[in-house]
Amino acid sequence: MGNCLSLSCSTKNIMANPIETTFKLPSPLPSWPSGSGFANGIIHLGGLQVCQISSFNEVWATHEGGPDNLGATFFEPSPLPQGFYMLGCYSQPNNKPLFGWALAAKADDHSSSPWPALQQPVDYTLVWSSESVKMKKDGDGYLWLPTAPERYAAIGHVVTSSPEKPSLDKIRCVRSDLTDQCEADSWIWGPPGGTIDGFNVYSLTPSNRGIQAMGVPVGTFLASNGKANNIACLKNNNTQPNTCMPNQSQIHAILQAYAPFIYFHPDEAYLPSSVGWFFTNGALLYNKQDVKNPVPIEPTGSNLPQGGSNDGAYWLDLPVDQAAKERVKKGDLVDAEAYLHIKPMLGSTFTDIAIWVFYPFNGPARAKVEFFNVSLGKIGEHVGDWEHVTLRVSNFTGQLWSVYFSEHSGGIWVDASGLEFQNGNKPVTYASLHGHAFYSKPGLVLQGNGSIGIRNDTAKSKMVMDSGLRPSIIAAEYLGIIEPPWLNYSSKWGPKISYQISDEIKKVEKLLPGKLKTVFDKFIKSLPDEVLGEEGPTGPKMKNNWNGDEVV
């Protein structure tokens with residue numbers, strides 16, 4: 001069924017696509033320290049053993065439609081270890097190098113259920129074929145949905161290059177109590193000229209994602225023709241689901257391998273510092289009931305209010321003395337620390353390492369209005385700024401699969417194949433000028449519509465932070481790490497700034513031609529609070545992604 005991927009085997013007379021290259025990290029994976037079930041190759045889910053297969057046989061490819069109109073390729077995971085079965089085929093767009101995986105499964109011999117964990121399907125339904133679609137393609141492809149027996153669920157599709165139904169022995173369905181609900185994630189492919197309501201192929205992710213969520217992605221895809229999703233993901237039913245998570249020595253080894261370099265813009269004036277530096281250099285705790293008597297903060301934040309909610313009763317601020325205030329605003333890059341939250345994700349089959357960086361001050365925003373670049377005065381300024389990048393590492397192998405870059409109120413996941421690396425397998429991250437949003441590439445990202453927006457400028461400079469140089473694990477719930485007191489402070493890390501946005505807008509509008517004034521005013525008023533920056537943020541533990549998945 002197709003050729004084994006040696007991706008140098010190009011398709012007939014078609015210009016080479018990125019997928020014809022297999023992505024590999026710049027350096028080999030290290031030998032991980034021993035202990036725990038991390039990077040052992042197989043994870044026990046309770047009823048099932050699963051392994052991650054990242055080598056494939058190509059089954060069928062199309063060279064139109066999908067992202068960048070370059071088509072997509074469909075694969076079978078191969079070879080499989082003895083006793084393991086395919087749960088579904090893998091697919092990805094042709095606009096990036098081959099880099100993916102699909103799980104294979106084996107029944108756990110210790111299961112007490114009278115029903116086997118895995119069963120053959122009883123039939124197949126043809127979901128779609130390319131026979132009637134005029135496009136560049138390698139012959140015809142056929143996408144089949146397994147018909148699961150009663151008490152079982154289909155976990156993926158089978159793809160063939162001939163119209164005959166696949167063998168029932170080709171794939172296995174999984175007992176329903178070992179599965180969880182999943183949903184469409186990113187778009188893989190759709191035929192040229194198709195619509196969102198027509199036939200499309202999507203990657204899949206568990207519907208419920210977070211530290212306590214047990215859904216496990218399988219690396220299969222959803223072939224959807226507008227009807228209900230009939231594909232499930234797996235569930236980690238192990239009574240000790242975190243046995244495959246890394247221990248502390250393995251965490252430090254992961255950081256040695258993957259800790260990002262963070263580059264700051266050459267014009268950046270507001271750099272990060274450690275939290276302790278901020279506290280010991282004059283930061284103050286304010287109480288709404290006694291505003292005139294702010295309190296100095298202990299180096300660990302031990303005198304900060306603990307727990308509760310962000311009810312506006314407390315906030316932090318810069319020193320009162322003007323010279324000290326201006327000095328603290330600038331931070332201290334040499335003293336800066338990377339604060340790590342180690343999280344089990346996707347049913348503990350991955351480890352997320354959220355790397356938090358603290359800045360004493362977030363500088364003023366800058367805007368691009370047609371051909372004009374303007375400073376927005378005080379708009380965007382606030383005391384205290386928390387930003388983060390997250391490494392997602394496979395607990396099967398210890399390989400880095402993707403990195404999340406926080407960008408103001410949201411962010412984006414970038415596969416390892418789309419990253420820039422330095423010193424081996426360390427990703428490069430760019431912090432935007434003044435706003436400190438993180439990006440995977442240098443340049444300008446305009447936050448807005450058309451030719452009007454907030455500038456997010458990034459570039460390399462001599463100012464760089466090696467996040468692996470001074471790492472501090474502030475939380476790893478499964479390891480029982482003792483958290484620093486400041487982490488459980490639930491109120492704002494900066495005051496509500498008292499200025500009139502309308503006054504700042506008028507200052508900028510004086511610099512703009514008449515027809516742009518109204519458009520600019522409307523744009524500014526549409527910006528979220530995170531960009532307008534009228535008050536400081538809450539700390540990392542108060543964010544939704546602390547216990548959940550990242551926000552995209």
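Let's start with E483, which is partly exposed, at 23% relative accessible area. Keep in mind as you look around that this is a predicted model. The partner to look for is K541, whose side chain meets that of E483 in a salt bridge, 2.7 Å from N to O. E483 sits in the loop between β37 (471-475) and α4 (501-509), while K541 belongs to the segment after α6 (529-532), so this pair ties together parts of the chain that are 58 residues apart in sequence. K541 is partly exposed too, with a relative accessible area of 25%.

That pair has company. Side chains of opposite charge can pair when their charged atoms come close. Searching the whole structure turns up 17 salt bridges. Another one to find is E76 with K170, where the closest N and O atoms are 3.1 Å apart. This one also links distant parts of the chain: E76 is in strand β4 (residues 72-77), K170 is in the loop between β12 (158-160) and β13 (173-175), and 94 residues separate them. Is E76 buried or exposed? E76 is buried, with a relative accessible area of 9%. K170, on the other hand, is partly exposed at 27%.

Now move along to R172, which forms a salt bridge with D169. Here the closest N and O atoms are 2.8 Å apart. R172 counts as buried because its relative accessibility is 9%, under the 20% cut-off. Its partner D169 is partly exposed, with a relative accessible area of 43%.

Next, the open space. The largest pocket has a volume of about 1300 Å³. Which residues come closest to its centre? They are K96, D185, S186, S203 and D415, out of 42 residues that line this pocket. Several strands supply at least two lining residues each: β6 (90-93), β15 (182-189), β16 (200-206), β29 (400-407) and β30 (410-415). Of the elements involved, β15 gives the most, with six residues. Sort the lining by class and you get 19 nonpolar, 14 polar and nine charged residues.

There is enclosed space to look at as well. The count of cavities of 30 Å³ or more comes to two. The second largest cavity holds about 40 Å³ of space. Its lining is made up of C182, L204, T205, P206, P217, V218, G219, T220, A232 and C233. Strand β16, which we met at the largest pocket, gives the most to the lining of this cavity, with three residues. How many of the cavity's lining residues are nonpolar, polar and charged? Seven are nonpolar, three are polar and none is charged.

To finish, zoom in on S402, which lies in strand β29. That strand also helps to line the largest pocket. S402 itself is buried, with a relative accessible area of 8%. Leaving aside residues up to four places away in sequence, S402 touches T390, L391, R392, W413, V414, D415 and A416. One of these contacts, D415, is already familiar as one of the residues closest to the centre of the largest pocket.

Key: Residues are numbered from 1 along each chain as its sequence is written. This is a predicted model: local features need pLDDT of at least 70, side-chain atom pairs count only at pLDDT 80 or more; totals for chains, interfaces and linings use all residues. Side-chain values use heavy atoms; hydrogens and water are left out. A salt bridge is a side-chain nitrogen of Lys or Arg within 4 Å of a carboxyl oxygen of Asp or Glu. Helices (H or I, at least four residues) and strands (E, at least two) are DSSP runs, numbered from the N terminus. Buried means under 20% relative accessible area, exposed over 50%, partly exposed in between (1.4 Å probe, protein chains only). On a 1 Å grid over the protein atoms alone, a cavity is a set of points where a 1.4 Å probe fits but cannot get out, and a pocket is an open set with protein on both sides within 12 Å along at least five of seven lines; lining residues have an atom within 4 Å of a point. Grid points are joined across faces, edges and corners, and a volume is the space filled by probe spheres set on the points. Ala, Val, Leu, Ile, Met, Phe, Trp, Tyr, Cys and Pro count as nonpolar, Asp, Glu, Lys and Arg as charged, and the others, Gly among them, as polar. Contact means heavy atoms within 4.5 Å.
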